[in-house]
Amino acid sequence: MEFFDLMKAIILGFVEGMTEFAPVSSTGHMIIVDDLWLNTKEFLGSGSANTFKIVIQLGSILAVVFVMWKRMLSLVGLYKIEGQTASRKFNLGHVIAGIIPAGVLGVLFEDFIDENLFSTNTVIVGLIIGAIWMIIADRVGQRKTTITSLDDISYGKAFKIGLIQCLSLWPGFSRSGATISGGVMLGLDHKTAADFTFIMAVPIMAGASGLSLVKNWSDLEPSHTGFYILGFVSAFVFALIAIKFFLKLISKVKLVPFAIYRIVLAVVLIIILAL
């Protein structure tokens, strides 16, 4: 594999790490950059290129575990968060309730998504519809914020946010965009909704990556290993840089600025494709 081919892994890792936590769709951005510039399908093959875009998200998810280690340990009873009580405690039950809907639909429709939705055109649709969803969420959420901590989330709300997360199965809609917006509409403040989104992403992306690797194993070659490792490490490093910055930013600017960015990006892509 040539030097510039390996640089493409670092570039895609940068795109993934810097956009995973913002509600702009990291997968959508990787598809756009790859389709319009890098063309990794030429040397990886279609199946391996799509698997790579899913697997390197584990690098970003590992950054979540690294940054939120106290909360992650508390889920399995190895750390006590200040203020937690027996009746007021965010636990694995909330995470399971949140991941079941998207997990089930993801398994059922994975082949359809891989074969039909990994394109710039479908990402444009997801960017626009997701932007509208986020604007509505900010307007509704301003009137009903009552939950300011993960420990105040009920199992019912966790499941409802999980249902809303299913929208993110469409590339370009954004997992964090769907779930943060859904959480805000259900009464969570923006930071709490983001925290819950990031924690839910850990088992979801681990499962999605494992499933994609198994299903596309025949498309992978030993020569792809270095490309995957570089992408994974790149995503982890840039995600560490992005995650703390985003958690502070989302509390200040809310969702509308990200929605505007999504619409502008969609318009630019439409113009580029029309030329």
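**Entry 1: second largest pocket**

I count a residue as lining a pocket when it has an atom within 4 Å of one of the pocket's grid points, a pocket being an open set of points with protein on both sides within 12 Å along at least five of seven lines. The model I am reading is predicted.

I looked up the second largest pocket and noted a volume of about 210 Å³. Its lining consists of Val-67, Met-68, Lys-70, Arg-71, Ile-81, Leu-150, Lys-191, Asp-195, Lys-244 and Leu-247. Two or more of these residues come from each of α6 (69–75), α11 and α12 (225–253). By class, I recorded 5 nonpolar and 5 charged residues, with no polar ones.

**Entry 2: largest pocket**

I then turned to the largest pocket, for which the volume is about 630 Å³. The lining holds 31 residues, and I noted Leu-169, Arg-175, Ile-204, Met-205 and Ala-208 as the closest to the centre. The elements supplying two or more lining residues are α2 (26–38), α7 (92–116), α10 (175–185) and α11 (190–215). Which element gives the most to this lining? I found that it is α7, with 8 residues. I sorted the lining into 15 nonpolar, 12 polar and 4 charged residues.

**Entry 3: enclosed space**

How many cavities of 30 Å³ or more does a search of the whole structure find? My search of the whole structure returned 1. For the largest cavity I noted about 60 Å³ of space. I listed its lining as Glu-20, Phe-21, Ile-61, Val-64, Arg-175, Ser-176, Thr-197, Phe-198 and Ala-201. At least two of the lining residues come from each of α5 (57–67), α10 and α11. The most are given by α11, with 3 residues. I recorded the classes as 5 nonpolar, 2 polar and 2 charged.

I noted one name under two headings: Arg-175 is among the residues closest to the centre of the largest pocket, and Arg-175 also lines the largest cavity. I also marked α11 as a contributor of two or more residues to the lining of the largest pocket, to that of the second largest pocket and to that of the largest cavity.

**Entry 4: aromatic pairs**

I searched the whole structure for aromatic pairs and obtained 10. One of them is Phe-43 with Phe-227, an edge-to-face pair at 5.5 Å centre to centre and 75 degrees between the planes. Phe-43 belongs to helix α3 (residues 41–44) and Phe-227 to helix α12, so this pair ties together parts that are 184 residues apart in sequence. Is Phe-227 buried or exposed? I noted Phe-227 as buried, because its relative accessibility is 0% and the limit for buried is under 20%. Phe-43, at 24% relative accessible area, is partly exposed.

I examined a further pair, Trp-69 and Tyr-79, which is edge-to-face as well, with 5.8 Å centre to centre and 70 degrees between the planes. Trp-69 sits in helix α6 and Tyr-79 in the loop between α6 and α7, so the parts tied together here are 10 residues apart in sequence. I recorded Trp-69 as partly exposed at 43% relative accessibility, and Tyr-79 as partly exposed at 32%.

**Entry 5: ring cluster**

Which residues do ring pairs link into a cluster? I found Phe-21, Phe-198, Phe-246 and Phe-258. Of these names, I had already entered Phe-21 and Phe-198 in the lining of the largest cavity.

Key
Residues numbered from 1 in each chain as written. Predicted model: local features only at pLDDT ≥ 70, side-chain atom pairs only at ≥ 80, totals over all residues. Heavy atoms only, no water. 1 Å grid on protein atoms, 1.4 Å probe; cavity = no way out; pocket = protein on both sides within 12 Å on 5 of 7 lines; lining within 4 Å. Points joined across faces, edges and corners; volume = space filled by probe spheres on them. Helix = DSSP H or I, 4+ residues; strand = E, 2+ residues; numbered from the N terminus. Nonpolar A, V, L, I, M, F, W, Y, C, P; charged D, E, K, R; others polar. Phe/Tyr/Trp six-rings, centres within 6.5 Å; stacked < 30°, edge-to-face > 60°. Buried < 20%, exposed > 50% of the residue type's maximum accessible area, 1.4 Å probe, protein only.
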